[in-house]
Amino acid sequence: MLFFDEIFGALECNRNLATKVKVVNASENLPSWFETSDLAVATMAAAGAMAGQLLSGSEPDVVIDKRLASLWFDMTIRPIDWQLPPIWDTIAGDYQTADGWIRLHTNAPHHRKAALSVLGDYADRESLRPVVAQWKKDALEQAIVSANGCAAAMRGLEVWSKHSHGQTLAAEPLIDFIKRGEGVKTPIAKSLKGLKVLDLTRVLAGPIATRFLAGLGADVLRIDSLDWEEDSVAPEVTLGKRCAGLDLRAVDGRKTFEGLLKEADVLVHGYRADALAGLGYDGEALRKHNPKLIDVCLNAYGWTGSWETRRGFDSLVQMSSGIASYGMDMSGADKPTPLPVQALDHGTGYLIAAAVLKCLRERAEIGTVMSARLSLARVAHLLATSKRDTLHVGIAPETSADCDPALERTVWGDAKRICFPLQIDGIPFEWAYPAGQLRTSKPEWL
């Protein structure tokens, strides 16, 4: 099965685990110029296999529905009598420059401010378009990145493969496991109930990982800064979690956070390579607060090379890495053609969950404390190896049978969810809380 060798190899696990995975509805694929649905299957199956091994102590059978996995690589919540907010800011998107294309990511207010500090004060795409058209793409990318904004010039697959950072990324491991020390064996049985997961992640990969862990019973406590909002995806990614707010630059906020750290089993964070360290919480500091802590982290553009601290999101990495360019060329389109879903976010999210579960097993069985690092761009490199000469026709239209019949009673209104794609012998997936708003819980463990 595509990607299984690379992913199960990266997890350094018994390859027999992959043979225990059964795929149903295997002929259904998202309409993509890459094997996007196969990435969904492989990453979710890996997380499921690692969960099964940890919680059962054996190698249980894992069944994954490819159709449902494809749907879970997109928005899974289906509101009843209410609507999700818009996904994109009014100036976010692709723009033609004097020598190609660039994408601006301005959903966060500070990222929008950074882009407009370079381009001028414009309220919408229509007024901004002629301004961007005067720039060369690489120059504008660098100007916005230097202003602490988020932008990506479109590059082709071949151009990226020869780019200095593209080559650096290709040499990085898909999952970089690092031994941090030895501790006390911490057995886990049957579920993750009672396991404390501190979640310092944002849209989308990290929250997807912790949502998976919450479904296995973990107590996931998400911490956001006091001014961060992500209304467009909160109904999707807060399922099963409690969400609190802290100011990690304030004395009281740091004291509370350090108290949470001392009791946590796992920390998952999506800060850039230097950002958490800049707050005083580098790897050494984390282990001083909690020697048994497993920390698994991600960033956009990898962990080595000149781009390791660059801000980025799935849609930007698709532009940088050649994915959007290849889709455009193969489609005969006149603009960038990205994947039909944010597959880099989702795929990385399930790999993060799988890495956490592997680290938990190492700690449970031999007492070794591990950490792991992943990136969207390294997953993009993996997906790029599956480029196609023909477009998948797409999965069949969604029906009511694809949804769980139970209602999810969110703060926004009732909703349904697409049925979860994974089945693991003897291990249920159940989420203790419906999706909710950020900062509605106290920053404390239950």
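In the predicted model, strand S11 (residues 266–269) and strand S12 pair in the parallel sense, with four bridges between them. Within this pairing, Leu 267 stands opposite Asp 295 of S12. Strand S12 is also joined to strand S13 (residues 368–375), again in a parallel arrangement, through five bridges. Here Cys 297 has Arg 373 of S13 as its bridge partner.

Strand S12 itself covers residues 294–299, and six of its six residues are buried; the strand is therefore largely enclosed by the rest of the structure. The side chains of S12 are divided between two directions: Ile 294, Val 296 and Leu 298 point one way, whereas Asp 295, Cys 297 and Asn 299 point the other way. Burial applies to both sets. Asp 295, the residue facing Leu 267 of S11, and Cys 297, bridged to Arg 373 of S13, thus belong to one set of this division.

A further contact of this strand involves helix H10. Ala 205 is located in H10, which comprises residues 205–215, and touches Leu 298. Beyond residues up to four places away in sequence, the other contacts of Ala 205 are Asp 345, Thr 348, Gly 349, Ile 352 and Leu 376. The relative accessible area of Ala 205 is 2%; because this value is under the 20% limit, the residue is classed as buried. The C-alpha atom of Ala 205 is separated by 22 Å from that of Cys 13, a residue 192 positions away along the chain.

At the level of the whole protein chain, the secondary structure consists of 18 helices and 16 strands. The C-alpha trace spans about 60 × 55 × 50 Å along its principal axes. The radius of gyration is 21 Å, in agreement with the value near 22 Å that a compact globule of 446 residues would have. Buried residues constitute 57% of the 446 residues. Among contacts with a separation of 6 or more, 77% are formed by residues 24 or more positions apart.

The surface and the charges were also evaluated for the protein chain. The exposed area amounts to about 18,000 Å², of which carbon and sulfur atoms supply 50%. The chain carries 49 positive and 56 negative side chains. A distance of 3 Å lies between the centres of the two charge sets.

Technical notes
Residues are numbered from 1 along each chain as its sequence is written. This is a predicted model: local features need pLDDT of at least 70, side-chain atom pairs count only at pLDDT 80 or more; totals for chains, interfaces and linings use all residues. Side-chain values use heavy atoms; hydrogens and water are left out. The radius of gyration is taken over C-alpha atoms; the globule rule is 2.2 Å times the number of residues to the power 0.38. Buried means under 20% relative accessible area, exposed over 50%, partly exposed in between (1.4 Å probe, protein chains only). Contact means heavy atoms within 4.5 Å. Accessible areas come from the Shrake-Rupley method with a 1.4 Å probe; for residues, only the protein chains shown count as cover. Lys and Arg count as positive and Asp and Glu as negative; His and the chain ends are not counted. The place of a charge is taken as NZ of Lys, CZ of Arg, CG of Asp or CD of Glu. Two strands pair if DSSP finds at least two bridges between them.
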